[in-house]
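Visitor: Please take me through one part of this model at close range. I would like the strands and how they pair, then the ring contacts.

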Amino acid sequence: MMRNLLVWLVYVAVFLVFTWPLSLHPATTFPVVPGHDSYQFYWNVWHFRHALEAGTNPWYTTWLFYPEGSWLIMHAYIPIVGLLAVAVRNEMLAINLALLLSYSLSGLGAYRLAGRWVQHPLLCVLAGFIFAYSPYKMQRLPEHYNLVLTATVPFYVLYFLRAFRFRVGQFLPEVASWQAVAACAGLGLVTVLSDYYVLFGLLYFSAFYAAWFGLRIGQINWRSQRVWLGLVVLFTASHISIRLLRLGGVPENGLWWAGDLLAFLLPPPTSRWLDFSWSHRLYHSTLFNAPGSLEITLFVGYLLPLLALLSCRRAGSALRQDAAGRPLVWVLLLFGMLTVPTLRLYGHERLNLPTAFIHFVPFINNIRCPTRWVLYITLLLPLVSFSSLEAGWFGKWPRWAQYAVGLGLAVGLGVEFWPKPYVQATAADVPAVYRYVAGLPGESLISVPFGVQDGNRQIGLPDPVQFLYQQWHLKKLLGGYLSRVRPEQFAAVENTPFLRSLMYYQAPSGGGASPPPLTGAQVAAFLRRYQPAAFVLPPAYRQQPVHRFLRRALHPYGYQEQNIGGYVLLQPQPGRAAGPSAAGAAAAPVNLTPTRYTTDAAVRWR
């Protein structure tokens, strides 16, 4: 127990160092990537706590897509962090505590799992470090909180191996320990409340592990020519079949995001010491379908793959001699195939692997980013490599030499994994205009830019930072950004004339075909339905076409304009009901002829 505590404190220390100076103000700051998904996850935590404390359903919201609202069942919601926020009564503190616990417990779990087959304690510590602090996770720490909630993964594997006893030729196991089964169920429930990608990873692990026994993989004679001929037929058939499915237009969501083998050697731009000019250019090149996206990242360092190559032929390792550990090599191989289902190399798809079929299966193909399975590679590859390493030259060295090499590996892995400092957001980042809006009557707020987005589609220009501001202005938003948005909600926005015009005029050069002029009746109907407290435009949109559009459309309804901290605020005149200033305004079309922005035009509007 004491050793586990000391190891856990080591991982806590690593987290504090890698995220410094976050620990100086854990209750008033949280890590972000400006303009990205970080603010959405902050909103998740705030909404869950707010809903529970208000006695409403936390899995349904009207704070977005007002007034109809939306379910959050298929959203990356992280309710486990929301529950923590209820306990500590502070969203920022809950996020930071959740990250600290997830990273440190991920390391401890992998350390304990490695201890089943790896004897040297330093190698076990490094196995935990690799899983907890891999570049994949450190890059996602300030942006995708859900994907780094991985503490359940190594513990689930550990208890899974204790819970079941498999027999060759059978997919279904016997129960060896009901206590371990209960632990697996509990860990699964925590994972359900954390992230569905991590959850599906546990399901895949269980299925792949059972398949080793059910398909008799361990009894295959790999020296037989018939076996290799069968593999050639299998891979040829899968390549042709998937090619035909794609040419036939069968829906699939993930192969476009498939990993490139080159990315295993490409440090991410968040690396503190390995963000070389050549790697930065390559990372942002058109070689990848999404240049610069963190979905490219497959980097696990250079030392770990090198050790894996040097030790791969050691069949006498403790892991391979253990009947329960032997299938892990097979499971590792399948997760690798999940990561690169089209075997892409330097931007060219070489071979459609059988794992690509998963992306054509309805519902399951919502798991659409294959590169995220590198998480399980960072768990399994150190187990296989370090166990084999001990069975080879490392295990024959004197103890002092083993520690010397282990410390050298620790330093090398630290250099490879060390991230750049993270940007932090605070409550002070909320502009004064949104705090002012909190005191205005009205149900909703329309803030420019406006839009709707999910993982597959986007209309308009959703602004993620609005998720942070909502806690302070407490007004409903008409748009939003969720993992999955129903087609009807996209259609509702597109079929609302006022919002359609707003999205057109906020676009840099006009959003497609010019919409028909709005009538006064359409503006009045919009204001009556949504009861906006105000319209807010950031400084970048001042005197732009969208600013002039709102000014012209809202002026007949008594809206006044003021400047608060550089932001434009349009609000109804106090004490005056929303309505046209003249009877003719209800029927007269609003003049919305697009105007190209120039310096002279800006002077006229000031």
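Guide: What follows covers the sheets, then the aromatic rings. Keep in mind that this is a predicted model.

Start with the open sheet of 5 strands. Its order is 12-9-14-16-15, and the pairing is mixed. Strand 12 (476-477) forms one edge, and strand 15 (559-564) forms the other. Each of these edge strands pairs on one side only. Now look inside the sheet. Strand 9 covers residues 444-447, and strand 14 covers residues 532-537. These two run in the parallel sense, paired over 4 bridges. For a reference point, take Ser444, which stands opposite Pro532 in strand 14.

A helix belongs in this view too. Helix 23, residues 545-554, lies across strand 14, strand 15 and strand 16 (567-572). Its direction is about 150 degrees to that of strand 14.

Turn to another open sheet, built from 3 strands. The order here is 11-10-13, again with mixed pairing. The edges are strand 11 (458-460) and strand 13 (480-481), each pairing on one side only. Strand 10, residues 451-453, pairs with strand 13 in the parallel sense. That pairing has 2 bridges. Here Gln453 stands opposite Tyr481 in strand 13.

Next, the rings. The structure holds 49 aromatic pairs. One of them joins Trp393 and Phe394. Their ring centres are 6.4 Å apart, and the planes meet at 70 degrees. The pair counts as edge-to-face because the angle is over 60 degrees. The two residues have their own surface values. Trp393 has a relative accessible area of 29%, so this residue is partly exposed. Phe394 has a relative accessible area of 1%, so this residue is buried. The cut-off for buried is under 20%.

Some rings gather in a cluster. Tyr196, Tyr197, Phe200, Tyr204 and Phe208 belong to one aromatic cluster, which also includes Phe335, Phe363, Trp373 and Tyr376.

Finally, look at charges over rings. The charged end of Lys137 sits over the ring of Phe131, 5.4 Å from the ring centre. Lys476 places its charged end over the ring of Trp63, at 5.0 Å from the centre. Lys476 also leads back to the sheet of 5 strands, where residues 476-477 make up edge strand 12.

Terms used:
Residues numbered from 1 in each chain as written. Predicted model: local features only at pLDDT ≥ 70, side-chain atom pairs only at ≥ 80, totals over all residues. Heavy atoms only, no water. Pairing = 2+ DSSP bridges. Contact = heavy atoms within 4.5 Å. Axes fitted to C-alpha atoms, helices over the stretch in contact; angles between N-to-C directions. Phe/Tyr/Trp six-rings, centres within 6.5 Å; stacked < 30°, edge-to-face > 60°. Buried < 20%, exposed > 50% of the residue type's maximum accessible area, 1.4 Å probe, protein only. Lys NZ or Arg CZ within 6 Å of the ring centre and 35° of its normal.
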